[in-house]
Amino acid sequence: MLFEAAGRPLELRDLPDPEPGPGEVLVDVRACAVCRTDLHILDGDLTEPKLPLVPGHQVVGTVATVGDGVREPVPGDLVGVAWLGRTCGTCAYCASGRENLCPDARFTGYDLDGGYADRLVADARSCLPVPAGFEPVEAAPLLCAGLIGYRALRFTGDARRVGLYGFGNAARLVTQVALHQGRELVAFTRPGDSETQRLALERGCVWAGDSTQAPPEPLDAAIVFAAVGDLVPLALAAVAPGGSVVCAEIHMSDIPSFAYDLLWRERVLRSVANLTRADGVELLALAAEIPLRTDPVVFPLALANDAVAAARAGGATTPVLVPG
Ligand SMILES: [Zn+2]
Ligand SMILES: [Zn+2]
């Protein structure tokens, strides 16, 4: 399904099979989840995609063939291909396990053709092992929302009482991991969104309320999943001294100025950028063990435009494209 220009629907096209070069693998796509970032690409908010482009960066598939020099993965392996498609491997960030900050990173379904397809070529080093028994359509939604959420949760350290601002896909996935780790969760939604608040309680949060409300007790940490800068001072006000506020969105509206008092006493404010391979390996193993419920809704690949519309409409499920 090809993206040719912002604002235009995806077009079903028959393209020649891509060939894996040295260090690359050819993957038969089994499932590709639709991410909100895909919408930003299709709408032209992210302005420099490869064109024409096959979108999709939450891909699970089976390795078909491997290029020169590839030892792992091997044909038949089930792998995940995520947003961080390729890194230089030699810069200071890559050398220190922070390849998510590599200045030469290339992104799947943006700089590189992605998973809205039958097949794609991926860098062998970026392929994540998907544990046996994990259904591809269940695993695919983890590869972006799940990973970003997992990295954000990791940055809250050993915080016991964690607040979630926004309760979309990523927050719902993080909720399951955090509860598995024995943490206590509270959820904040758009003021008056009682439906999402009810969902949060149903999914195990001990309290859910409006983002403008204070939590019943100060938080040890908060994760801001909504792209709303106004939430940052509210989240800082809700965390206890020494607590962290982690922003999990790629884009966020401006953060209003706030009194230094909100940051004082060793509160930490930070962002999360992409994900590392280590995050992916850890989360997929943990997800299979818990097991994580990802709420996929399957669409045939040819109906990608409908899947995109479903992602735009939001809700408590994730559209997943399945070829064939
Ligand atoms: Zn690098
Ligand atoms: Zn994504």
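## A tour of two zinc sites, the pockets and the cavities

In this predicted model, begin with the zinc ion (ligand 1), whose donor residues are spaced C-x2-C-x2-C-x7-C in sequence. Select Cys88, Cys91, Cys94 and Cys102, and you will find that each offers its SG atom to the zinc ion (ligand 1) from 2.3 to 2.4 Å away. The angles among these four donor atoms run from 106 to 117 degrees, and the site is tetrahedral. If you colour the residues by accessibility, cysteine 91 appears as buried, with a relative accessible area of 16%, and cysteine 94 also counts as buried, at 14% relative accessibility.

Next, select the zinc ion (ligand 2), which is coordinated by Cys35 through SG, His57 through NE2 and Cys144 through SG, at 2.0 to 2.2 Å. Along the chain, the donors of this ion follow the spacing C-x21-H-x86-C. Cysteine 35 sits in the loop between β1 (24-33) and α1 (36-42), while cysteine 144 sits in the loop between α3 (136-139) and α4 (145-154), so the pair ties together parts that lie 109 residues apart in sequence. Cysteine 35 is buried, at 12% relative accessibility, and cysteine 144 is buried as well, with a relative accessible area of 8%.

Now step back and show the whole chain as a cartoon, in which there are nine helices and 15 strands. Taken along the principal axes, the C-alpha atoms fill a box of roughly 60 × 40 × 40 Å. The radius of gyration of the chain is 20 Å, which agrees with the value near 20 Å that a compact globule of 324 residues would have. Of these 324 residues, 52% are buried.

Turn then to the open spaces, and select Arg36, Phe167, Gly168, Asn169 and Phe225, which lie nearest the centre of the largest pocket among the 47 residues that line it. This pocket has a volume of about 1,300 Å³. To trace its lining, highlight α1, α4, α5 (169-180), β9 (184-189), α6 (194-202), α7 (231-238) and α9 (304-313), each of which supplies at least two residues. By class, the lining of the largest pocket divides into 26 nonpolar, 13 polar and eight charged residues.

For the second largest pocket, select Leu15, Pro18, Val54, Ala117 and Arg119, the residues nearest its centre out of the 29 that line it. The elements that give two or more residues to this lining are β4 (84-86) and β6 (119-123), and β6 provides the largest share, with five residues. The second largest pocket holds about 550 Å³ of space, and its lining has 15 nonpolar, four polar and ten charged residues.

Finish with the enclosed spaces, where a search of the whole structure finds two cavities of 30 Å³ or more. The largest cavity has a volume of about 70 Å³, and you can locate it by selecting residues of its lining, including Pro141, Asn169, Arg172, Arg293 and Asp295. Helix α5 gives the most to this lining, with four residues, and the lining as a whole divides into four nonpolar, four polar and four charged residues.

The second largest cavity holds about 40 Å³ of space, and among the residues to select around it are Leu142, Tyr150, Leu173, Val177 and Leu292. Both α4 and α5 supply at least two residues of this lining, which divides into seven nonpolar, two polar and no charged residues.

Definitions and conventions. Residues numbered from 1 in each chain as written. Chains lettered and ligands numbered in written order. Predicted model: local features only at pLDDT ≥ 70, side-chain atom pairs only at ≥ 80, totals over all residues. Heavy atoms only, no water. Donors = N, O, S within 2.8 Å, 3.2 Å for Na, K, Ca; no water. Buried < 20%, exposed > 50% of the residue type's maximum accessible area, 1.4 Å probe, protein only. Tetrahedral: all angles 85-135°; square planar, octahedral: opposite > 155°, others 65-115°. 1 Å grid on protein atoms, 1.4 Å probe; cavity = no way out; pocket = protein on both sides within 12 Å on 5 of 7 lines; lining within 4 Å. Points joined across faces, edges and corners; volume = space filled by probe spheres on them. Nonpolar A, V, L, I, M, F, W, Y, C, P; charged D, E, K, R; others polar. Rg over C-alpha atoms; globule rule 2.2 N^0.38 Å.
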